[in-house]
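This briefing sets out computed features of one protein model for a reader working from its coordinates. The topics are helices, nonpolar cores, aromatic and charged side chains, cysteines and selected distances.

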Amino acid sequence: MRKAVVIGAAGQIGRPVVDALARDGWAVTAVSRGGGRDAGWDEGVRTARLDRADGDALAALVGDGCELLVDVVAYDAGHARQLTSLAERIGSAVVISSVAVYEDGAGRGFDTQGEPDGFPVYPVPVPETQPTVAPGDDTYSTRKAALEAELLAAGDAFPVTVLRAGAVHGPYSPLPRELYFVKRNLDGRKRRVLAYRGESRFHPSSTRTIAELVRLAAARPGSRVLNACDAEAPTASEIGAAVDAVMGAETRTVCLDGPPEGSVGRTPWSVPLPVVCDMSAARRELGYRPVVSYADSLPETVEWLAGRVRGRDWREAFPLLARVYPDLFDYAAEDAWCAA
């Protein structure tokens with residue numbers, strides 16, 4: 001059987017990637033820091049522990065070689081060099097990057113969002129040929145750009161497909177944007193406030209979409225960069241309505257014409273201009289076809305989120321989300337604003 005090694009296998013993206021490859025006939029080694037024994041994979045999936053920073057351990061795990069290596073957690077140029085050093089033992093690779101590497105051609109990108117007039121003005125949709133930020137070590141975006149540059153510099157000597165994901169969604173997420181709507185419904189909130197008229201569009205990427213792209217890229221090795229987003233890019237209002245439909249909730253949406261007022265109206269999708277990516281290259285190069293709609297992917301996410309926060313403080317359940325959006329559920333401020 002063809003051998004595949006998946007690094008970061010026990011996480012949000014890694015789990016469906018392992019499942020997709022195993023169903024496609026690969027002999028998969030699922031690699032994670034904890035070993036992933038509780039991930040519920042088929043008996044044929046081998047598991048292994050790995051500290052991603054340990055290059056020697058990674059080399060030992062690859063051993064005599066594998067036809068495919070998938071790296072879900074690679075983050076910077078150092079990780080890329082670990083992979084390229086093993087190029088002679090790896091048939092091809094698929095590495096997850098991010099749409100955060102894009103800039104708008106005027107020096108604006110995800111890193112400038114907080115500056116006056118700093119939000120990027122991207123074309124709609126954004127093709128893979130869009131300029132990217134300069135590689136570096138300072139931010140998430142620049143480090144992902146450095147990862148890509150190092151990998152692609154190897155050329156044909158190391159066939160690697162780089163997948164640029166958007167707003168990743170699905171069970172096991174450490175930063176579940178859908179919780180904004182799910183928790184409000186669980187708390188009995190009948191009203192929510194959305195900035196930018198509820199029209200913000202930040203292209204989502206289902207973990208099942210990403211897994212399908214990995215599966216297709218594994219079958220067609222090559223050096224390329226592809227967007228890895230869903231077929232649809234719903235607005236914040238449309239996402240809220242879809243979550244309501246899954247939960248059987250009836251809510252009223254109040255919209256701000258402009259940006260959030262403090263915490264009021266701020267959501268994990270609150271962007272003043274659209275971030276929507278072009279998926280035509282994936283269709284052309286890999287024969288990709290959507291495997292799930294955003295709405296159809298929601299029930300399993302909603303069920304998982306509800307189970308995680310039931311009887312717990314949401315900050316304890318999702319510490320990363322709480323650090324990024326500490327005032328996500330400031331109901332007092334929201335009620336005061338609506339009453340004013």
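**Helix 1 and its surroundings**

Helix 1 is followed by Gly25, which has a positive phi, near 95°. The model is predicted, and every value below is computed from it. Helix 1 spans residues 14-23, and because seven of its ten residues are buried, the helix is largely enclosed by the rest of the structure.

- The buried positions of helix 1 are Gly14, Arg15, Pro16, Val17, Val18, Ala20 and Leu21.
- The cover over these buried residues includes strand 1 (3-7), strand 2 (27-32), strand 4 and helix 6 (207-219).

**Nonpolar cores**

- The largest nonpolar core contains 75 residues, and Val6, Leu21 and Val70 have the most contacts inside it. Helix 6 gives the most to this core, contributing seven residues.
- Leu21 thus appears both among the buried residues of helix 1 and among the residues with the most contacts inside the largest core.
- Val6 is in contact with Val17, Val18, Leu21, Val28, Thr29, Ala30, Val31, Val70 and Val72, when its neighbours within four places in sequence are left aside.
- A second, separate core has 25 residues, including Val31, Leu50, Val95 and Leu151.

**Helix 3**

- In helix 3 (residues 77-84), the buried residues are Ala77, His79, Ala80, Gln82 and Leu83.
- These buried residues pack against two helices, helix 2 (55-62) and helix 4 (140-152), and against two strands, strand 4 (66-71) and strand 5 (90-98).
- At the start of helix 3, Asp76 places a side-chain oxygen within 3.2 Å of the backbone nitrogen of Gly78.

**Aromatic pairs**

- The structure contains eight aromatic pairs. One of them joins Tyr180 and Phe181, whose ring centres are 5.0 Å apart with planes at 90°, so the pair is edge-to-face.
- Tyr180 is buried at 0% relative accessibility, and Phe181 is likewise buried, with a relative accessible area of 0%.
- Trp304 and Phe318 form another edge-to-face pair, at 5.7 Å centre to centre and with 65° between the planes.
- Trp304 belongs to helix 9 (residues 294-309), whereas Phe318 lies in the loop between helix 10 (314-317) and helix 11 (319-324); the pair therefore ties together parts that are 14 residues apart in sequence.
- Trp304 and Phe318 are both buried. Ring pairs also connect them with Tyr172, giving a cluster of Tyr172, Trp304 and Phe318.

**Charges over rings**

- Arg184 lies over the face of Tyr180, 3.9 Å from the ring centre. Tyr180 therefore combines this placement with its buried state, at 0% relative accessibility.
- The charged end of Lys183 sits over the ring of Phe329, at 5.5 Å from the centre of that ring.

**Cysteines**

- How many disulfides does the structure hold? The count is zero.
- For Cys277, the closest cysteine sulfur is that of Cys229, and the separation of 4.2 Å is too far for a bond. The cut-off that applies here is that the two sulfur atoms must lie within 2.5 Å.
- Cys277 counts as buried, at 5% relative accessibility.
- Cys66 is also buried, with a relative accessible area of 6%.

**Selected positions and distances**

- Where does Pro290 lie? Its place is the loop between helix 8 (280-286) and helix 9.
- Pro290 is partly exposed, with a relative accessible area of 47%.
- Pro290 and Glu212 are 78 residues apart along the chain, and their C-alpha atoms are separated by 8.6 Å.
- Is Ala146, a residue of helix 4, buried or exposed? Ala146 is buried, with a relative accessible area of 9%.
- Leaving aside neighbours within four places in sequence, Ala146 is in contact with Ala77, Pro135 and Gly136. Ala77 is one of the buried residues of helix 3, and helix 4 is among the elements against which those residues pack.
- The C-alpha atoms of Ala146 and Ser223 are separated by 16 Å, and the two residues are 77 residues apart along the chain.

Terms used: Residues are numbered from 1 along each chain as its sequence is written. This is a predicted model: local features need pLDDT of at least 70, side-chain atom pairs count only at pLDDT 80 or more; totals for chains, interfaces and linings use all residues. Side-chain values use heavy atoms; hydrogens and water are left out. Buried means under 20% relative accessible area, exposed over 50%, partly exposed in between (1.4 Å probe, protein chains only). Rings of Phe, Tyr and Trp (its six-membered ring) pair if their centres lie within 6.5 Å; planes under 30 degrees apart count as stacked, over 60 as edge-to-face and the rest as tilted. Helices (H or I, at least four residues) and strands (E, at least two) are DSSP runs, numbered from the N terminus. A charge sits over a ring if NZ of Lys or CZ of Arg is within 6 Å of the ring centre and within 35 degrees of the ring normal. Contact means heavy atoms within 4.5 Å. A polar contact is a pair of N or O atoms within 3.5 Å; within protein, one must be able to donate a hydrogen and the other to accept it, and residues adjacent in sequence count only if both atoms are side-chain atoms. A nonpolar core is a set of buried Ala, Val, Leu, Ile, Met, Phe, Trp, Tyr and Cys residues joined through side-chain atoms within 4.5 Å.
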